[in-house]
Amino acid sequence: LSHGGMPELLVGLSYNATTGRLLVEIIKGSHFRNLAINRPPDSYGKLCLLSNKGQEISRCKTSIRRGQPNPVFKEAFVFQVALFQLTEVTLMISIYNRRSMKRKEMIGWLSLGQNSSGEEEEAHWLEMKDSKGQ
């Protein structure tokens with residue numbers, strides 16, 4: 001039995017070809033659940049930029065939002081990506097529930113770029129590429 005809908009994450013993307021900056025905004029989440037106990041999770045996001053060979057190029061993470069089923073992050077991250085690399089990289093975004101100091105459980109994940117996790121993610125990446133920083 002599920003209470004509410006599937007977990008969702010609102011992400012903003014923009015790319016400036018002149019500076020080679022990929023801006024990723026983690027805006028907000030909805031329907032985040034704590035599976036172990038019946039209270040809202042302490043959630044945070046991890047972002048990882050991967051090369052076409054699966055090697056990590058860069059990574060960062062959001063701050064923790066405590067006890068919020070619909071957390072508002074409004075955090076922006078900048079990755080340096082040359083224009084010719086834009087078709088070869090994958091951005092992985094994972095959302096975790098921090099259960100205790102060292103324990104965490106994944107709420108969900110998505111990927112954008114070369115190895116997009118779905119049609120919606122692929123369309124968002126292509127739209128960002130085609131806008132060329134407009």
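Tutor: Before we start, note that a residue counts as buried under 20% relative accessible area, as exposed over 50%, and as partly exposed in between. The model we are looking at is predicted.

Student: Is His 31 buried, exposed or partly exposed?
Tutor: His 31 lies in the loop between S2 and S3, and a positive phi of about 65° is found there although the residue is not a glycine. Its relative accessible area is 32%. Because that value falls between the cut-offs of 20% and 50%, His 31 is partly exposed.

Student: How far apart in space are the C-alpha atoms of His 31 and Asn 70?
Tutor: Along the sequence, 39 residues separate His 31 from Asn 70. Asn 70 is also among the residues that Ser 30 touches, along with Met 6, Pro 7, Glu 8 and Pro 69, when residues up to four places away in sequence are not counted. From C-alpha to C-alpha, the distance between His 31 and Asn 70 is 5.9 Å.

Student: Lys 74 has a positive phi although it is not a glycine; is Lys 74 buried or exposed?
Tutor: Lys 74 is found in strand S5, and its phi is about 45°. Its relative accessibility is 69%, and since the cut-off is over 50%, Lys 74 counts as exposed.

Student: Is Ser 94 buried or exposed?
Tutor: Ser 94 is found in strand S6, and, leaving aside residues up to four places away in sequence, it touches Tyr 44, Gly 45, Lys 46, Met 106, Gly 108 and Trp 109. Its relative accessibility is 10%. Because this is under 20%, Ser 94 counts as buried.

Student: How many disulfides are found in the whole structure, and why is Cys 60 not bonded to Cys 48?
Tutor: A disulfide needs two cysteine sulfur atoms within 2.5 Å. The sulfur of Cys 60 has its closest cysteine sulfur in Cys 48, 8.9 Å away, which is too far for a bond. Cys 48 counts as buried at 16% relative accessibility, whereas Cys 60, at 25%, counts as partly exposed. For the whole structure, the number of disulfides found is zero.

Student: How many residues does the largest nonpolar core have?
Tutor: In soluble globular proteins, nonpolar side chains tend to be buried together. Here S1, S2, S3, S5, S6, S7 and H1 each supply at least two residues of the largest nonpolar core. Those with the most contacts inside the core are Leu 22, Val 24, Phe 79, Leu 91, Ile 93 and Trp 125, and Ile 93 touches, among others further than four places away in sequence, Leu 9, Val 11, Ile 26 and Leu 112. The number of residues in this core is 23.

Student: What volume does the largest pocket have?
Tutor: Rolling a probe the size of a water molecule over the atoms shows where empty space is left. The largest pocket has a volume of about 550 Å³.

Student: Which element supplies the largest share of the lining of that pocket?
Tutor: The pocket is lined by 20 residues, and Pro 7, Glu 8, Leu 9, Leu 110 and Glu 121 are the closest to its centre. By type, the lining divides into twelve nonpolar, four polar and four charged residues. S1, S2, S6, S7 and H1 each supply at least two residues of the lining, but the largest share, five residues, comes from S7.

How values were computed
Residues are numbered from 1 along each chain as its sequence is written. This is a predicted model: local features need pLDDT of at least 70, side-chain atom pairs count only at pLDDT 80 or more; totals for chains, interfaces and linings use all residues. Side-chain values use heavy atoms; hydrogens and water are left out. On a 1 Å grid over the protein atoms alone, a cavity is a set of points where a 1.4 Å probe fits but cannot get out, and a pocket is an open set with protein on both sides within 12 Å along at least five of seven lines; lining residues have an atom within 4 Å of a point. Grid points are joined across faces, edges and corners, and a volume is the space filled by probe spheres set on the points. Helices (H or I, at least four residues) and strands (E, at least two) are DSSP runs, numbered from the N terminus. Ala, Val, Leu, Ile, Met, Phe, Trp, Tyr, Cys and Pro count as nonpolar, Asp, Glu, Lys and Arg as charged, and the others, Gly among them, as polar. Buried means under 20% relative accessible area, exposed over 50%, partly exposed in between (1.4 Å probe, protein chains only). A nonpolar core is a set of buried Ala, Val, Leu, Ile, Met, Phe, Trp, Tyr and Cys residues joined through side-chain atoms within 4.5 Å. Contact means heavy atoms within 4.5 Å.
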